Amino acid sequence: AMLIRWKDSYRTGIDEVDHEHQELIALINALHDRLGAADAPLTVPAFFGDVNKAITAHFALEERHMRESRYDGFRDHKGDHER
């Protein structure tokens, strides 16, 4: 079962950001499915590492776009990323 379903309302209008958001949702859904598997204690920790790497790279992409577009909410959004 899907934990998160992509909605058009999530679109930012920046194709590469939207694409990564969709990939992150797919990763989170895969992790959710894996949590119930018999081998979860062996596979989930490594999967968390993959999710963390993807999120870190995605935040860098978003922050670059926000800086380049001089987004007014950059400081607050970057703070959200850091939290």
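How much space lies in the largest pocket of this structure? The answer is about 240 Å³. I should state at the outset that this is a predicted model.

Let me stay with that pocket for a moment. Its lining comprises 14 residues, and those closest to the pocket centre are His-21, Leu-24, Ile-28, His-58 and Phe-59. Three elements each give two or more residues to this lining: helix H1 (15-35), helix H2 (40-68) and helix H3 (74-82). Sorted by class, the lining has 8 nonpolar residues, 4 polar residues and 2 charged residues.

I turn now to H1 itself. This helix has 21 residues, and the distance from its first C-alpha to its last is 30 Å, close to the 30 Å expected at 1.5 Å a residue. Which residues of H1 are buried? They are Val-17, Asp-18, His-21, Leu-24, Ile-25, Asn-29 and Leu-31. Viewed down the axis of H1, these buried residues fall within an arc of 160°, so they line one face of the helix. H2 is included in what covers them. Two of the names just given, His-21 and Leu-24, are buried in H1 and also belong to the group closest to the centre of the largest pocket.

Finally, I would like to consider the residue Ala-1, which is found in the segment before H1. Is Ala-1 buried or exposed? Ala-1 is exposed, its relative accessible area being 82%. Leaving aside residues up to four places away in sequence, Ala-1 touches His-32 and Asp-33. By contrast, the C-alpha atoms of Ala-1 and His-77 are separated by 30 Å, and these two residues lie 76 residues apart along the chain.

Definitions and conventions:
Residues numbered from 1 in each chain as written. Predicted model: local features only at pLDDT ≥ 70, side-chain atom pairs only at ≥ 80, totals over all residues. Heavy atoms only, no water. 1 Å grid on protein atoms, 1.4 Å probe; cavity = no way out; pocket = protein on both sides within 12 Å on 5 of 7 lines; lining within 4 Å. Points joined across faces, edges and corners; volume = space filled by probe spheres on them. Helix = DSSP H or I, 4+ residues; strand = E, 2+ residues; numbered from the N terminus. Nonpolar A, V, L, I, M, F, W, Y, C, P; charged D, E, K, R; others polar. Expected span 1.5 Å × (residues − 1). Buried < 20%, exposed > 50% of the residue type's maximum accessible area, 1.4 Å probe, protein only. Arc of directions from axis to C-beta. Contact = heavy atoms within 4.5 Å.
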